[in-house]
There are 2 protein chains.
Amino acid sequence: MIECSIPKNDFDTVQLAHGGGGKLTQQLINNLFYPYFKNKYLEQEHDSAQILLEGNRIAFTTDSFVVDPIFFPGGNIGDLAINGTVNDLLCSGAKPRYLSAGFIIEEGFPMEHLECIVKTMAEAALKAGVAIVTGDTKVIEKNRGHQIYINVSGIGVIEDKITILPNNVEPGDVVIVSGRIGEHGMCILSKRNHLEFESEIVSDTASLNDMVSHLLTTLPESIHMLRDATRGGLSSTLNEIAQTAKVSIEINEAALPISDGVNAACELLGMDPMYIANEGVMLIFVKQENASEALQIIRSSEHGEHAAIIGRVIESERNRVYQKGVFGNRRIIEMISGEQLPRIC
Amino acid sequence: MIECSIPKNDFDTVQLAHGGGGKLTQQLINNLFYPYFKNKYLEQEHDSAQILLEGNRIAFTTDSFVVDPIFFPGGNIGDLAINGTVNDLLCSGAKPRYLSAGFIIEEGFPMEHLECIVKTMAEAALKAGVAIVTGDTKVIEKNRGHQIYINVSGIGVIEDKITILPNNVEPGDVVIVSGRIGEHGMCILSKRNHLEFESEIVSDTASLNDMVSHLLTTLPESIHMLRDATRGGLSSTLNEIAQTAKVSIEINEAALPISDGVNAACELLGMDPMYIANEGVMLIFVKQENASEALQIIRSSEHGEHAAIIGRVIESERNRVYQKGVFGNRRIIEMISGEQLPRIC
């Protein structure tokens, strides 16, 4: 459990009335949310934040987080939510600017845990250079096993020359993965099932502002597509892009960056790291001639040290994802069809 | 139960895998969300919607909906969510433009109910002139009694001459309520507790675009503040404004527009309509000299036929809300301190 300061509220746990819109709601907002999320937009104390944008091309995204357990090695539901939404904005080529925070909290949830989550959110927002400008709190009845769900929606500004869309992907493009895969999924899985490995597997939750900002500043027109490979892992993300862009993608298994810990866990559990969720890992589709420069930029950025070129886009009417195995075999990587691990994020 | 068309999915109920990010998630998006929410932004099939705004002054808001029951006379959680967020944007003086939809659905939730909710959301969005441009679906395990929660965040554009903020409210301002109070709260209460009254009490859920647009076009500088009186009812909303604007507000009990049904229910249950939640009812603070013109505009707008001048803003260091009773008595209206009815919205 992450350590946080002592709660400033009169209650040790969240009460139904904290979501009732009256005195306790106001107390929760004034004593917990405002001090941590402090900014001039929240001080407007209005139903919407009134914000200024420095451009008219905007990215808008939303994500609800229901991860179980809510605290895990490397983070908690709070920074996961902020980083997840920030990364979604970055994937549109946008500079993330403003976030909302919508809480659905179970009655009786420890105020100390809530404060810890809120504090982590504030820190993650600060690190990603975004402001949490508007919010909402609902409280639902006890003993329904929810604990807390958080929705974070976000707005970012897209500069004129940037266009990052799945349709941009074209044959010849090189596929780079920004970090070691499977860390978040395996972290949650092992934590939930009390599995212990030689070394603890830690979630990769992180915002990738530094990396994307370097890439888009240096190679604004060569980056065709960005997407974080979250639920469904690399396999689902690659299949989605192949289908939307109407291309096929060939992945080289030997090139996939995987830690010893995740590798051992996958072998033990008979799982394929291509299907395991990531959080702070992005797929980058880049023009062939700029691939090595892009790789260099990513590797010298925060969270990019393990980046690797893992494949390329090929012309094919089948819109498939293929994986070339270590022994030269080639197999189709399908999109995940069942549910490997619910409540991963 | 509202009638909807037959679901187009292979499953009768929502499966965990519908939230897994793989094939079933894609099927749900392609067969249910896209056809109803259809617009060019969703067709980008990207993590964020890339949108264009015609100004740089933006309102941004978020609201999570956990109402129980999810279907009630006059609406369901779907249109409630759209209308609630649209009204929050209107209260900032913004023209609502783009919405997000984040679903948290319980495994086993009937697909037919989901389709009905989605259809209602699409209709409410169309009516309010907004596009649902980005979304997210999470599925949580069965038998935890959730059914469905919906977060709707929204973006609107604020025209240059408009400034609607609680701080604008000043002594002398007249307080108008846009419709009959207590309908939504009493509707949910009676439905949840199987209370039957002579005539069914129907939720007032509605977006108030027509009314606000007429007001702001005709009296752009005389409208000081708008706020929908949802959770906590008029009492909490008025107290919030009094505290932020550092004024007191005097309400005339005899002027409050209340239907016979809500009146009878309140008497029966010993409840005060000032504390009962509304959905499609707004408080309007307007300059004294424009009050009767504003009232006329509101009354001739959709959902405004029962509007009434209910009070005025007075100078006072106490930042209180007073109510002048029908017999001339004067009492302090406190902000609600407990929780009258959880999961009202």
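I'll start with a loop: B:Pro69 sits between S2 and strand S3 (71-72) of chain B. The peptide bond leading into this proline, from B:Asp68, is cis, and omega is near 5°. Keep in mind throughout that this is a predicted model.

Chain A has the corresponding entry. The bond from A:Asp68 to A:Pro69 is cis, again with omega near 5°, and A:Pro69 is in the loop between S2 and strand S3 (71-72) of chain A. One more backbone item, on chain B: B:Glu45 is not a glycine, yet its phi is positive, about 50°. That residue belongs to the loop between helix H1 (23-37) and S1 of chain B. As background, most residues other than glycine have a negative phi, and most peptide bonds are trans.

Now the interface. How many residues does each chain bring to the contact? Chain A gives 82 residues and chain B gives 82 residues. Between them the two chains bury about 6500 Å², with 52% of that on carbon and sulfur atoms. On the chain A side, A:Asp47, A:Phe60 and A:Arg231 supply 12% of the area buried against chain B, more than any other three residues.

On polar terms, there are 44 residue pairs in polar contact across the interface of chain A and chain B, counting pairs with both residues at pLDDT 80 or more. By class, the chain A side that touches chain B consists of 32 nonpolar, 31 polar and 19 charged residues.

Salt bridges next. Side chains of opposite charge can pair when their charged atoms come close. The whole structure has 28 salt bridges over all chains, and the count between chain A and chain B is 10. One of these links A:Asp136 to B:Arg231, with the closest N and O atoms 3.0 Å apart. A:Asp136 falls within strand S6 (131-140) of chain A, a strand I will return to shortly.

Another salt bridge pairs B:Glu334 with A:Lys23, at 3.8 Å from N to O. B:Glu334 is in the segment after strand S14 (330-332) of chain B, while A:Lys23 is in helix H1 (residues 23-37) of chain A, so this pair joins two chains.

Next, the sheets that cross the interface. Which strands make up the five-stranded open sheet that takes in S6(A)? The order is S6(A)-S5(A)-S7(A)-S2(A)-S1(B), and the pairing is mixed. S6 of chain A and S1 of chain B stand at the edges with a single partner strand each, so one side of each has no neighbour in the sheet. Neighbouring strands here are turned against each other by 20° on average, direction ignored. Helix H2 (residues 77-90) of chain A packs on this sheet and touches S2, strand S5 (94-106), S6 and strand S7 (148-158) of chain A; the helix direction makes about 30° with that of S7(A).

The join between chains in this sheet is between strand S2 (residues 57-65) of chain A and strand S1 (residues 49-52) of chain B, which run antiparallel and share four bridges. Within that ladder, A:Phe60 has B:Ala49 as its bridge partner, and A:Ala59 has B:Gln50. A:Phe60 is also one of the three residues named earlier for buried area.

There is a second open sheet of five strands, ordered S1(A)-S2(B)-S7(B)-S5(B)-S6(B), with mixed pairing. Its edges are strand S1 (49-52) of chain A and strand S6 (131-140) of chain B; each has a single partner strand, so one side of each is left without a neighbour in the sheet. The twist from one strand to the next averages 20°. S1(A) and strand S2 (residues 57-65) of chain B run antiparallel and are joined by four bridges, with A:Gln50 opposite B:Ala59. Helix H2 (residues 77-90) of chain B lies across S2, strand S5 (94-106), S6 and strand S7 (148-158) of chain B, at about 30° to S7(B).

Last, a set of strands within chain A. Strand S10 (residues 248-252) runs parallel to strand S13 (residues 321-324), joined by four bridges, and A:Ile249 is partnered with A:Val321. S13(A) also pairs with strand S14 (residues 330-332) of chain A, in the antiparallel sense over three bridges, and A:Tyr322 is partnered there with A:Ile332. The hairpin of S13(A) and S14(A) has five residues between its strands, and A:Gly328 in that hairpin takes a positive phi near 90°.

Methods. Residues are numbered from 1 along each chain as its sequence is written. Chains are lettered from A and ligands numbered from 1 in the order in which they are written. This is a predicted model: local features need pLDDT of at least 70, side-chain atom pairs count only at pLDDT 80 or more; totals for chains, interfaces and linings use all residues. Side-chain values use heavy atoms; hydrogens and water are left out. Contact means heavy atoms within 4.5 Å. Buried area is the accessible area (1.4 Å probe) that two parts lose on being put together, summed over both. A salt bridge is a side-chain nitrogen of Lys or Arg within 4 Å of a carboxyl oxygen of Asp or Glu. A polar contact is a pair of N or O atoms within 3.5 Å; within protein, one must be able to donate a hydrogen and the other to accept it, and residues adjacent in sequence count only if both atoms are side-chain atoms. Ala, Val, Leu, Ile, Met, Phe, Trp, Tyr, Cys and Pro count as nonpolar, Asp, Glu, Lys and Arg as charged, and the others, Gly among them, as polar. Two strands pair if DSSP finds at least two bridges between them. Axes are lines fitted to C-alpha atoms, for helices over the stretch in contact, and angles run from 0 to 180 degrees between N-to-C directions.
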